[in-house]
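These are my notebook entries on a single chain, written as I went through the coordinates. I set down what I looked up and what I found.

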Amino acid sequence: MMNAIPQQRKEVLLPFVNYVVGKLTDKQTVNLIFICTHNSRRSQLTQVWAMHYAEQYNISINSFSGGTEVTACNERTIASLKRSGFDINQKDESSNPKYEMTVGDKQFVLFSKLFDHITNPTKDFAAIMTCSHAEKNCPFIPGASKRISIPYDDPKEFDDTDLEAAKYDERSQQIAQEMEFVFTTVNKIIK
């Protein structure tokens, strides 16, 4: 599956690998905030898949997400994660609903929030930019010790089309493959 990742894309992911390896080598906490404009699709998917593969390889990280605007964790994102086998429960019916889920032994809540929300670390974290809009329009992330850009195409462009579910799943699987590559590579280096 990881062989499907183009070499050029693997090179984009290497600063992420190096950040995690550096923190682990120095016996420091690895805090990652995945950032996208609305914190509704790509940043949420990346948070979950990073947590999943870190857990699978027994790599200690803290995975968070946030945005530059608050909207809602998109229901299509949640549906795609459910189709991938994750157990997710909606906690409320608000305009920005909260979804409870567990990955390994970590329980957490998905919802749209700003990158500096109280549930996210305020210093010594990597700001992982998952969309080019947030990358361009948010040049400074206070407290970030590293900024890493790994933008993904937005599945939103397929909302309300016959391709909607397939395109959300395609983006989710791309992110899953790339997070597997990141944490497999980290595992090989630190073991």
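Entry 1. Two asparagines with positive phi.
I began in the loop between strand 1 and helix 2, where I located Asn 39. The model is a predicted one, and I read every value below as computed from it. For Asn 39 I noted a phi of about 50 degrees, positive although the residue is not a glycine. As a general matter, most residues other than glycine have a negative phi. I then asked whether Asn 39 is buried or exposed. Its relative accessible area is 0%, so I entered Asn 39 as buried.

I looked up Asn 58 next, in the loop between helix 2 and strand 2. Asn 58 also is not a glycine and has a positive phi, of about 55 degrees. I recorded that this positive phi comes just after helix 2. Asn 58 has a relative accessibility of 65% and therefore counts as exposed.

Entry 2. Helix 2.
I turned to the helix that lies between these two loops in the sequence, residues 42–56. I checked its span: helix 2 has 15 residues and reaches 21 Å from its first C-alpha to its last, close to the 21 Å expected at 1.5 Å a residue. How many of the residues of helix 2 are buried? I found 12 of its 15, and I described the helix as mostly covered. Among the buried residues I listed Arg 42, Gln 44, Trp 49, Met 51 and Tyr 53. Against which elements do they pack? The buried residues of helix 2 pack against strand 1, strand 2, helix 3, strand 4, strand 5 and helix 5.

Entry 3. Strands 1 and 2.
I examined the pairing of strand 1 with strand 2 and found it parallel, over five bridges. One bridge joins Asn 31 to its partner in strand 2, Asn 62. The chain passes from strand 1 through helix 2 to strand 2, and I noted this β-α-β crossover as right-handed. Strand 2 covers residues 62–66, and four of its five residues are buried, so I regarded the strand as largely enclosed by the rest of the structure.

Entry 4. Salt bridges.
My search of the whole structure returned 10 salt bridges. I followed the one between the side chains of Arg 41 and Asp 159, with N to O at 2.9 Å. Arg 41 is in the loop between strand 1 and helix 2, while Asp 159 is in the loop between strand 7 and helix 5, so the pair ties together parts that are 118 residues apart in sequence. I found both Arg 41 and Asp 159 buried.

I next took the salt bridge of Asp 160 with Arg 76, whose closest N and O atoms are 3.1 Å apart. Asp 160 belongs to the loop between strand 7 and helix 5 and Arg 76 to helix 3, with their positions 84 residues apart. Asp 160 is exposed at a relative accessible area of 67%, whereas Arg 76 is buried at 15%.

Arg 76 also meets Glu 164 in a salt bridge, at 2.8 Å from N to O. Since Arg 76 lies in helix 3 and Glu 164 in helix 5, this pair ties together parts that are 88 residues apart in sequence. I recorded both Arg 76 and Glu 164 as buried. Which residues are linked in the network of salt bridges? I wrote down Arg 41, Arg 76, Asp 159, Asp 160 and Glu 164.

Entry 5. Ser 112.
I located Ser 112 in the loop between strand 5 and strand 6. Its relative accessibility is 2%, and Ser 112 counts as buried. Leaving aside neighbours within four places in sequence, I found Ser 112 in contact with several residues, including Asn 39, Gln 44, Glu 69, Cys 73 and Asn 96.

Entry 6. Nonpolar cores.
I closed with the largest nonpolar core, of 41 residues. Those that touch the most other members are Phe 16, Val 20, Leu 32, Leu 110, Met 179, Val 182 and Phe 183. Among the elements that give two or more residues to this core I noted helix 1, strand 1, helix 2 and helix 5. Another core lies apart from it, with 11 residues, among them Ile 33, Ile 35, Phe 115 and Ala 127. I also looked up Val 182: beyond its neighbours within four places in sequence, it is in contact with Leu 13, Phe 16 and Val 17.

Notes:
Residues numbered from 1 in each chain as written. Predicted model: local features only at pLDDT ≥ 70, side-chain atom pairs only at ≥ 80, totals over all residues. Heavy atoms only, no water. Core = buried A, V, L, I, M, F, W, Y, C linked by side-chain atoms within 4.5 Å. Buried < 20%, exposed > 50% of the residue type's maximum accessible area, 1.4 Å probe, protein only. Contact = heavy atoms within 4.5 Å. Pairing = 2+ DSSP bridges. Right-handed = clockwise from strand over helix to strand, strands pointing away. Salt bridge = Lys/Arg side-chain N within 4 Å of Asp/Glu carboxyl O. Expected span 1.5 Å × (residues − 1).
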